[in-house]
Amino acid sequence: MRIGEHELSTNLFLSPLASYTNLPFRLTIREIGGLGWATTDLVNARSLLERNRTALKLVATSPEDRPLAIQLFGSVPEEMRDAAIMCEELGAQSVDINMGCPVKKVVKVGGGSAMMNELDKTAALVKGMVDAVKIPITAKMRLGWDDDNLTAPDLTRVLEDSGVAAVFVHGRTRAQGFDGRVNLDGIRSVIEAVSTIPVIGNGDITTPEAAKHMLDETGCDGVSIGRGAFYDPWIFKRTAHFLATGEMVPEPTFDERIRVMSAHFERYCVFYGEEHGARLFRKVAPWYAKRFGPSKPFKQTITAIKSRADFQTALDTYLQWRKQFCDEDGELLPRFQLEPMSASFMSEETDKQAGLNRTAIPVPKGPVDVW
Ligand SMILES: Cc1cc2nc3c(=O)[nH]c(=O)nc-3n(C[C@H](O)[C@H](O)[C@H](O)COP(=O)(O)O)c2cc1C
């Protein structure tokens, strides 16, 4: 598939996850393979224009970190336009606009006309950005405010007319937060609303089967994966293989998980400096640990690391402790093995056939309003 002039290697996207989808994480995933396109965490357009240090760190990239979209957040048209120009100068392949859910409760009081005002404003802002740069502008949204206000199809139509090159849709409303099933019909209604631009579906994809299910059921052009990549940075590689061949690559071994987690940690130390990187990695390591099997002591000690040495000690101690749950080949004994992951939108029937137990994906704390 294409975004603007960019031909992608796969139709698999990394969703922006504030505080996580930094350069070290993107490089870790890219090295594993299968990823077609990545997006930075959301960046405040004004902060970027002011060359705020945090904002510049968020857009930091490297030659291997391609193709990359920078996600901007803001509502002042001139700032969004100038920040898009800056992103282009910084070498980004695209700019994504965070639309969380731009249509406020105003639709309740003002009805259709208020909504159209809001859409007009959005269209003008987007058009200003599209006209100012050569790189493609995309937009990411939810389905709408709540079930009575599924505004994404109307918004998408306006965005397409304003020149956006693709749209990303998380198949939930703002009111839903991260609860309940992803609404595949809702995603399909966005696809039906556009004429030519690709629509990328998003929400709860934690397995290659779930990615295929969303593609098949909605007709979306690609899928974007967020939290599923925490658990399984291999998901892109495994999904690309599954979509191409129908064969399921086994989940990575424990040793491979440790290798990749350690490389990810080292990238944190290089990118943020050893102490700050180690502190930040305290909240990353537990995501890997969710797929380790028994790991309580590791999750505890890792939350106190301040250095490479602390990380190594926590890991070595854990590897010793974990042996009691393994057979002589180092495999977890059957009673400690984990259930496969599944996605909330796969029907109970499908779940049963696939032998899956449905579990909600944990959500780290953060401003759901803008996601
Ligand atoms: C911790 C966290 C941070 C997020 N940060 C952003 C963000 O910066 N920009 C954005 O558009 N969406 C953000 N989202 C929403 C995700 O991109 C994605 O739409 C949502 O998590 C659903 O996809 P998933 O089920 O694959 O995670 C965030 C979600 C989470 C859980």
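**Notes on the predicted model**

1. Helix H6, covering residues 152-162, packs against helix H7, covering residues 184-193, with about 30 degrees between them and 8 Å from axis to axis. Please keep in mind throughout that this is a predicted model. Angles under 35 degrees count as roughly parallel, and H6 and H7 are therefore described as roughly parallel to each other. Their crossing is right-handed. On the H6 side the contact is made by Ala 152, Pro 153, Thr 156 and Arg 157, while H7 supplies Ser 189, Val 190 and Ala 193. Sorted by class, the residues in this contact are 4 nonpolar, 2 polar and 1 charged.

2. Next, the nonpolar cores. The largest of them has 68 residues. Within that core, the residues with the most contacts are Leu 72, Val 95, Val 164, Val 167, Val 169 and Val 223. Apart from this core lies another, of 15 residues, which includes Phe 281, Tyr 288, Phe 292 and Ala 314.

3. Val 167 deserves a look of its own. Which residues does Val 167 contact, leaving aside neighbours within four places in sequence? They are Thr 138, Ala 139, Thr 156, Leu 159, Val 190, Ile 197 and Val 199. Two of these names will be familiar from point 1: Thr 156 of H6 and Val 190 of H7 take part in the contact of the two helices.

4. On to the backbone, where you may like to check the peptide bond from Arg 66 to Pro 67. This bond is cis, and its omega is near -10 degrees. Pro 67 sits in the loop that runs between helix H3 (53-58) and strand S5 (68-73). Leu 72, listed above for its contacts in the largest core, falls within the residue range of S5.

5. Arg 51 is not a glycine, yet its phi is positive, at about 55 degrees. Its place is the loop between helix H2 (45-49) and H3. Is Arg 51 buried or exposed? Arg 51 counts as exposed, because it has 9 C-beta neighbours inside 10 Å, and the cut-off for exposed is 12 or fewer.

6. Asp 204 also belongs in this part of the note: phi is near 65 degrees, again a positive value in a residue other than glycine. Asp 204 lies in the loop between strand S9 (199-202) and helix H8 (208-218). Here the surroundings are described as buried, because 25 other C-beta atoms lie within 10 Å of Asp 204, and the cut-off for buried is 20 or more.

Notes. Residues are numbered from 1 along each chain as its sequence is written. This is a predicted model: local features need pLDDT of at least 70, side-chain atom pairs count only at pLDDT 80 or more; totals for chains, interfaces and linings use all residues. A nonpolar core is a set of buried Ala, Val, Leu, Ile, Met, Phe, Trp, Tyr and Cys residues joined through C-beta atoms within 7 Å. Two residues are in contact if their C-beta atoms, placed from the backbone, lie within 7 Å. Axes are lines fitted to C-alpha atoms, for helices over the stretch in contact, and angles run from 0 to 180 degrees between N-to-C directions. Helices (H or I, at least four residues) and strands (E, at least two) are DSSP runs, numbered from the N terminus. Angles under 35 degrees count as roughly parallel, over 145 as roughly antiparallel, 65 to 115 as roughly perpendicular and the rest as oblique. A crossing is left-handed if the near helix is turned anticlockwise from the far one by less than a right angle, and right-handed if clockwise. Ala, Val, Leu, Ile, Met, Phe, Trp, Tyr, Cys and Pro count as nonpolar, Asp, Glu, Lys and Arg as charged, and the others, Gly among them, as polar.
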